[in-house]
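Biologist: I have this protein open on my screen and would like a close look at one part of it. Could you walk me through the surroundings of one charged side chain and then the places linked to it?

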Amino acid sequence: MKKNLRSQQGFTLIELIVVMAILTILSGLIIPKLDVFKLKANKAQSAANMSGVDRFVASYKVQRDLFPDGNDSLLEDGTNTFYAQLDPQLTGSTTGSPTKLTTTTIANDSELRSLQRVGLTTVNDHDPAAGFPGDSAAGTTPRTLAVNDTIATINAADSDGQAILRHLYPQTDGVVPANEKVVVFGLGPRNAMIPDTLHVAPFYANTAQTSYYNRFLLCYALDTGGGRARFLAALGSDADTISEEINEFYEIN
């Protein structure tokens, strides 16, 4: 009879205190790890997305003999300056941040023809008054590329930029051949692959899409002599390479 009565009374105060203590200890052990798990997941997803973008661009080229046009220029409309919302690591807008990108120009007809021959003819400049860049509802101004137009490129004068070039040109330890110039675009929602090859333009996982431009970047090498431009690689929205994302995944603990 006493046994039945005890079972109906539930936990005693001491037992509840012990349970709460155990839960508190467990939460203290697990909660700090959640940010680690999230960061590792972000790095893994970013590396997977970069690999996927590489494959999609290559597949598009094989099917059409052209690269997907309609990329984001990463520049504000009519100013030849970068989006204010780009990751600080790209433009050095925050003290201590690297400056991975800079601008260059399409110097002559040969450089322009190199892009045109593979279908890269139009970019989208962002209209600062029309919304957030990379948002499908944001306004952009299409720009047909022309001689003397400003375009984004890797900043070889920056140590982080040099690391990117070593990733893009491993055979020459980051030295860009004399007949090539690196061009960088953003894979935004107006890219020709959307929604034909890709349902939506991918973005860096678990980030607020209106906090900064978090679309992936596409690097091409134009031929200064007018030969066909070639695709080099996709980079993260902060221009991290796939090898950096993988290395950071294993370093996080």
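Modeller: Happy to; here is a walk that starts at one acidic residue and then moves out to other parts of the chain. Please keep in mind that this is a predicted model.

Let's begin with D223, which sits in strand β7. Leaving out residues up to four places away in sequence, D223 touches S110, E111, S114, N179 and R228. One of these, S114, is 109 residues away in sequence, yet its C-alpha is 5.6 Å from the C-alpha of D223. The side chain of D223 also reaches the backbone nitrogen of G225, at 2.7 Å.

From D223 we can step to E111, one of its contacts. The side chain of E111 meets that of K181 in a salt bridge, with N to O at 3.0 Å. E111 belongs to helix α4 (residues 109-116) and K181 to strand β6, so this pair ties together parts that are 70 residues apart in sequence. Both E111 and K181 are buried.

Strand β6 (180-186) also leads us onward, since the loop between it and β7 (217-223) holds P195. A cis peptide bond joins I194 and P195, with omega at about -5°. Most peptide bonds are trans, which makes this a spot to look at on your screen. In that loop you will also find D196, which pairs with R64 of helix α2 (residues 13-64) across 132 residues of sequence. Their side chains form a salt bridge at 2.3 Å, N to O. R64 is partly exposed, with a relative accessible area of 31%.

The count of salt bridges comes to seven. Another of them joins R143 and D149, whose closest N and O atoms are 3.2 Å apart. Here R143 counts as buried at 15% relative accessibility, and D149 does too at 16%. Salt bridges with shared partners bring D125, R143 and D149 into one network.

For a polar side chain in a loop, turn to N155, between β5 (150-154) and α5 (159-168). N155 is buried, with a relative accessible area of 14%. A polar atom of its side chain lies 2.9 Å from the backbone oxygen of T99. Beyond its neighbours within four places in sequence, N155 is in contact with T99, K100, L101, T102, G161 and Q162.

Two loop residues deserve a glance for their backbone angles. Most residues other than glycine have a negative phi. N80 has a positive phi, near 60°, and A239 has a positive phi near 70°. N80 is in the loop between β1 (71-76) and α3 (88-91), while A239 is in the loop between β8 (230-235) and α6 (242-251). Their surroundings can be told apart by accessibility: N80 is partly exposed at 47%, whereas A239 is buried at 0%.

Finally, let's zoom out to the whole chain. The protein has six helices and eight strands, in the order α-α-β-α-β-α-β-β-β-α-β-β-β-α. Of its 253 residues, 43% are buried. Among contacts with a separation of 6 or more, 68% are between residues 24 or more positions apart, and the pairing of E111 with K181 is one link between parts 70 residues apart. The protein exposes about 12800 Å², and carbon and sulfur atoms supply 57% of that area.

Conventions: Residues numbered from 1 in each chain as written. Predicted model: local features only at pLDDT ≥ 70, side-chain atom pairs only at ≥ 80, totals over all residues. Heavy atoms only, no water. Helix = DSSP H or I, 4+ residues; strand = E, 2+ residues; numbered from the N terminus. Buried < 20%, exposed > 50% of the residue type's maximum accessible area, 1.4 Å probe, protein only. Contact = heavy atoms within 4.5 Å. Areas by Shrake-Rupley, 256 points an atom, 1.4 Å probe, with all protein chains shown as cover. Polar contact = N/O pair within 3.5 Å; in protein donor to acceptor, adjacent residues only side chain to side chain. Salt bridge = Lys/Arg side-chain N within 4 Å of Asp/Glu carboxyl O.
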